[in-house]
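Please examine the sequence and the model shown below. The paragraphs after them describe selected features of the fold and of its side chains.

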Amino acid sequence: MKDEETPTKVSMKRTLDDKEESENVKKLKTESGVSTLQGAQDMKVLNEDVNRKVIFLQMKLPTTTSDNTQDAVVILERKPFNSDDMRDLLNDGKLTAEMVNDAYGTYTLTLPPKYCQTRANVIFPATEKHISKYSWEAVHIIRETEADYETITKPMVDGQFENKVFNLNWIYNIIEGKAEVHKVVYEKEDDNGFVVVMDYKWNGDDPKLLHCLGLPKRRDLRSIRDLRAEHVPLLEEMRQKAVEVFERKFNVKGENVKAYFHYQPSFYHLHLHFTNVEAGSHAGTDAWRAHLLDDVIDNLKMCSDYYKKKTLSFILKENDALSLEFRKAKKDTQ
């Protein structure tokens with residue numbers, strides 16, 4: 001059993017460090033990931049979340065192997081404030097009044113450059129699925145019965161794997177210790193093993209923003225639809241070991257750890273999300289997608305094939321491949 005220390009940096013395989021800019025844009029993609037956004041072409045805004053201070057961009061970036069360009073998705077997100085920096089931030093910032101009315105005022109505070117850093121998550125090269133995932137689009141509710149899963153969802157997912165539309169190599173690289181080893185905070189090495197790894201959206205600095213993934217090493221579990229009572233010991237051990245390491249390394253108590261699955265998942269290798277309840281609610285934790293681990297375990301103990309039989313509701317974008325399959329199936333039965 002292996003238990004590795006947590007890094008203080010986000011892996012460069014998925015993040016951009018804007019301090020390291022290359023003069024030669026043809027060297028854009030290196031062994032450590034993207035090093036500059038210079039040379040970007042055809043940029044457009046895919047979506048924006050003003051509450052989370054996040055913007056999603058699509059662009060063309062040069063490759064290292066030719067003069068051709070490939071699609072990239074760049075997600076820019078304002079970093080949270082560090083309470084330890086407040087005195088320097090306020091002393092060095094420049095305050096400009098926009099509106100003052102009696103005791104109430106609105107101002108713009110121009111911060112020193114060192115407090116203006118933005119986290120940039122980069123997917124390069126990006127597939128059509130990546131671009132669709134981060135693009136704004138009308139959504140609607142799907143209620144997937146057991147029959148729907150067997151005749152619509154599962155055949156589509158199987159077909160995507162057979163045609164290599166779904167690429168899970170990055171997951172297998174983590175599980176096999178070939179990539180992002182320094183981000184793995186816990187690993188169990190046996191036939192029923194798993195890893196707990198920091199999600200790419202969290203760099204390990206602020207425990208309140210904790211976000212890790214629990215990844216079983218077995219590859220036959222794609223989603224909660226595949227879970228049965230026999231998998232309960234695995235799920236319980238993943239929860240136990242994750243909570244232990246979060247308490248020891250990040251000082252996050254078990255009672256503050258939210259553990260849940262997504263359905264539909266963003267990728268079809270069973271994975272658990274671990275977040276800190278102090279971070280509040282965010283995208284992906286609403287009732288349309290999140291299934292709490294404790295509830296999943298209880299349901300499996302009551303009925304082994306609960307998630308095989310259960311009608312599951314979720315929201316899909318209008319032009320999502322699965323959404324289109326559901327609409328086609330409904331037309332065929334009318």
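The account begins with a sheet and then turns to aromatic rings.

The model is predicted. One of its features is an open sheet of four strands, arranged in the order 3-4-5-8 with antiparallel pairing. Strand 3 (41–49) and strand 8 (118–123) occupy the edges; each has a single partner strand, and therefore one side of each is left without a neighbour in the sheet. On average, neighbouring strands of this sheet are turned by 25° against each other, direction ignored. Strand 5, which covers residues 69–78, runs antiparallel to strand 8, and six bridges join the two. Within this pairing, Val73 has Ile123 of strand 8 as its bridge partner.

Aromatic side chains provide a second theme. The structure holds eight aromatic pairs. One of them is formed by Phe246 and Phe274: the ring centres are 5.5 Å apart and the planes stand at 70°, and since edge-to-face applies to planes over 60 degrees apart, the pair is edge-to-face. Phe246 belongs to helix 5 (residues 232–250) and Phe274 to strand 14 (residues 272–276), so the contact ties together parts that are 28 residues apart in sequence.

Are these two rings buried or exposed? Phe246 has a relative accessible area of 0% and is therefore buried; Phe274, also at 0%, is buried as well. Both residues belong to a cluster in which ring pairs link Trp202, Phe246, Phe250 and Phe274.

A further contact involves a charge and a ring. The charged end of Arg219 sits over the ring of Tyr172, at 3.6 Å from the ring centre.

Key: Residues numbered from 1 in each chain as written. Predicted model: local features only at pLDDT ≥ 70, side-chain atom pairs only at ≥ 80, totals over all residues. Heavy atoms only, no water. Pairing = 2+ DSSP bridges. Axes fitted to C-alpha atoms, helices over the stretch in contact; angles between N-to-C directions. Phe/Tyr/Trp six-rings, centres within 6.5 Å; stacked < 30°, edge-to-face > 60°. Buried < 20%, exposed > 50% of the residue type's maximum accessible area, 1.4 Å probe, protein only. Lys NZ or Arg CZ within 6 Å of the ring centre and 35° of its normal.
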